[in-house]
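Thanks for sharing this one. Here are a few notes to read alongside the coordinates, starting from a single pairing and working outwards.

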Amino acid sequence: MSRFLLASLALTMIVAIFGVGSNLNAQTVYYPCGQTTSYYSTSGYYNQRMAGYEFQVNVDGVQVTKLGIMFYDPNGWYGNRVLQLFEVPAAGGGIFLGSVTPTITQNGVWVFANLAAPIPLTKNKKYCVVSFATSSVPNPYYSYYYYANGNNPPGMFPTGEIAFQRSVYCDSVTTTGVMPSVNTWNASQNWAYVDIGYIKGATLTASVTLGSQLNLYPAEQGFNGDGTMVGRFSIRNNNVLGQTATLNTITVQGGGTGDHITAYNSFQIYRDDGDNLFDAALDTLIDTQPGLTDPAESKVFTVPAGQQIFAADDNRTYLLVVKLAGTAQYNEVYTFSISDIGVGPSTAKAGVPTLSMAGFRVTYTPFFIIDHSPGTPPDVYSDGQRHVVFDFTIDYTQGAVRTLTALNVMAFGTGNDVTDVTAVELYRDTDGSTTFDVANDDLIEAEASFPVDDGLLTFDFPSSPVDQQTFTAGESRRYFLVYTFTRTLDDGLTFQAQLTGCTESSVSLDINPNPCPFLGPNTGVTVLNQNLNAIYIGPATQTVANNAQGPLNRGLVLLEVDVAAYGVPWTVISLTFSASGTGDDQFDYNSLVLMEDYNAGTPNGIYDGQPQDLVASPTAPTAFPSDDGTFTATLSGGGIYGQNFPPGVTRKFFLVVKLIGTASPGDTFSAQLVSINAASAPPPNQGTFMGSTPLLPPAPPPALIIDVPLVTVGLGSGSPASTSREQGDDFAHLIAKFRFTCSGAPASVDAINLAAHGTADFAGDLAQNIGVEVWQDDGNGIFDPLLDILKFAGTGGATVTVCNFVSPMIIPNGASRDLWIRLNVLAAAGGSVPDTFQVALDSPLDVSAGSAVVQFAAEAPVSGTLSVVVFAVESFEPRLAYQEGGQSIYILGSGFSMPVTLTIGGVSCPGSAVVSPDGRQITGLIVPPGTGKDLMIKLKTGGLSEKTLSQTFSYAGGTQINSFDHTSTCSAAQSSGAAWLVLPAVLLAVAVRRRRTARKS
């Protein structure tokens, strides 16, 4: 009986025992070339020659488990035979896979020996099984092999899983693992009876998603510091008969131009939860390594026990996630492939090595410039003092350490920047107060004036004694451009400035936006001459008893105000104050007096009471003549100056009260200076109020509150700035941080009314039920959903979202608490003209704080703006031009906005860009002179990153032209982007994806 018949009979018995539905056939051992002895013929003897056959695998999941031989040796000199398995590459030769050495103890009988471990074979590859006699054979000249003449023996490889290719009869070989040189390869003759035993197991097949190349900063850490997904691949168990497979390891191979050994802080593999997006909270971590640290820039990742077993037809997606260490260099490219997978017993593998994933490219982080100029120019005075003309911040968000060596400033305005200015200084806000303080801030550089009116001035950043040049990732620095004016200016002159670029050790003009402000100079200042000005100082709100008399019975400060003269001396007859608040200003006081800061002739800026400070108006009444009434204080002739106000001198006044005990809990009291009776020539600009807190009648901030807490609400430190984003998948965005500060007594906030500003539809563009989220910060100033407390999550309202907290936010007396506002934006948001999102608390009434009085801080609780735009390029014309350039450029797409930067082959396109109102067209630029073919076209609009079009540009003609000028420019900050050209069909695909609801926070 043939071996195949025996195997078939055994299989029939197995099926009979376990049933037709059993999956044991996936593990049945086959002996492919089983024959009856009647077919054998013998001829001659051969000196230790190898004999065998080549075969091809036609199915997945084949694993060789044993090798065998039938040897004819009638003399009994059996000895040992080495049986070897090789892979036969298309290029020739052989790759050794394994061997066994069975001992032949009986003439003409099949002998098999198990391999140390199953050897998986790959579908459509060719292999060779051969044998040779060892030196232990007593007389190899009398050792015979079976062989057959004619066609392939009948019944050979009956399943079709293995296809016989040809016989092999080879030269003498005695070294295991060496593919012999071939004497005879033949499809029908010299058939020697060696054989394989194999099982059909499951096969794990790896494949990659090629994807699009990302642009990452050198120190990119990803959202919330969880890392960034840089590649995606899948592994599938192709077995459909129910057999499981085992995955033990995954080997990642790095490619590209970057150094995979030093580039990372961590390199991780996650198993995706099914949405093809990385979320550390939802995806499953497989393994973490410091990077691809092997010399070949590869790394073996170990699959944990609970993730090793694949069910039949199980297909899993994995994500490559990295955190960059800041060492990667600009323009380096990092790609990845799966070079190998380690599988368990009865599991084969296929698909490795895979193709390369697109990976990422390293881009510079620009210096981001934020202009803090007010909407209208403030008034300053030609008083010989320092005045801030430009207040701005330089942010360096991510990347390796960079060195800023100089900053370029251009002057503007009606004033003369040479003759009207005695000093131009650049200061750094060293003390972090966000206001200029010459005593505490660092002077970067000082100049006498600009070199010419409306000229350019370069400020060099020093490296010593304090290093002002070095910027590290995450650093933000605020600067003040400070002018000192002469005392002889004409009234109403303006002085403005604009940042036009910076100089850095490796990149020039690397600021964004460039210039800043982009559309022209900042608002600057207006210089007034011969003015009398009152500046509101305070005081800060305090909670008191209704019969409070102040420290040491000296009274309570209701108003602190500075009055200063400029240009010429002034005579001030009287100051008029108005009262406001819910308390009764006629009956709740028992003392009202105007005091002047004196302190023995050296004012100290602090109210000390008598005798340190002087009574400025001795005829004051005990209270205002009526509730919310006015009180005119006639200045006496005493004190330092009496009614005289010399130029450049600031005099401080305190309006002081004592309470009689009749006010009710929660009553508020405040006052303001509303007019000045003064004489001078020419007439003064009377009552010009300045300072950090605008004083707008009739509601100045409360100075006194009776026995209730005060909650002051403003924009928290580190509140997210305005940003732009391209439309894509659903995403979460932190849009604001609001700070709540309590004084007087603890307070409890249980709800806020969040106003929806901007053009977006908060009801339709945000996720249902979780479109708006309110989180209480845990105190570290960093948003972290694992540590912070979710106070509210709900659907956004079209105009107002009422956010009722799940639990009150308790604010201790003298402490602050911060609320983060996060929006979950749907993929449907955005348009060619951007959809904009902004949130705010429009009124103190929008804060529910029980009995506490709510007021807004100087910086009201209004968020930055999130702009979502559908950004695409559909066409670029022309594609070919003469070397002289000058052809008009027309770009069609969506999401375009100013400013626009366009380069061809690295050369800026001249002209003035014009963007259509619907954001669909860019015109106004022309082709620059140049040469070359297939030049890259790069486009940057608005606050989005620079893009490289998939289309290229070519010049007609040779390789050189007579001359041309490259100095023309469109505008621009440097940035980079992946190659792109979006067709309308892609936009249609995006529209289909809009229905997807945000499922990740």
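1. A good place to begin is S207, whose bridge partner in β14 is S234. This is a predicted model, so please read every point below in that light. The two strands concerned, β12 (residues 202–209) and β14 (residues 228–237), run antiparallel to each other and share six bridges.

2. Stepping back, β14 and β12 sit next to each other in an open sheet of six strands, ordered β17-β16-β20-β14-β12-β22, with mixed pairing. At the edges are β17 (284–289) and β22 (347–350), each paired on one side only. From one strand to the next, the twist averages 25 degrees.

3. Next, the interior. The largest nonpolar core contains 39 residues, and L558, L575, F577, L594, F653, L655 and L673 have the most contacts inside it. Strands that supply at least two residues each include β39 (570–580), β44 (650–659) and β45 (668–679). The top contributor is β38, which gives six residues.

4. Do have a look at L655. Setting aside neighbours within four places in sequence, L655 is in contact with residues including L558, F577, L594, F631 and A671.

5. Another core, of 37 residues, lies apart from the largest one; F731, I735, V772 and F837 are among its members.

6. Finally, the whole protein. Its secondary structure amounts to two helices and 69 strands. Of its 1001 residues, 49% count as buried. Among contacts between residues at least 6 apart in sequence, 79% join residues at least 24 apart. The accessible surface is about 41100 Å², and carbon and sulfur atoms account for 53% of that.

Technical notes
Residues are numbered from 1 along each chain as its sequence is written. This is a predicted model: local features need pLDDT of at least 70, side-chain atom pairs count only at pLDDT 80 or more; totals for chains, interfaces and linings use all residues. Side-chain values use heavy atoms; hydrogens and water are left out. Two strands pair if DSSP finds at least two bridges between them. Helices (H or I, at least four residues) and strands (E, at least two) are DSSP runs, numbered from the N terminus. Axes are lines fitted to C-alpha atoms, for helices over the stretch in contact, and angles run from 0 to 180 degrees between N-to-C directions. Buried means under 20% relative accessible area, exposed over 50%, partly exposed in between (1.4 Å probe, protein chains only). Contact means heavy atoms within 4.5 Å. Accessible areas come from the Shrake-Rupley method with a 1.4 Å probe; for residues, only the protein chains shown count as cover. A nonpolar core is a set of buried Ala, Val, Leu, Ile, Met, Phe, Trp, Tyr and Cys residues joined through side-chain atoms within 4.5 Å.
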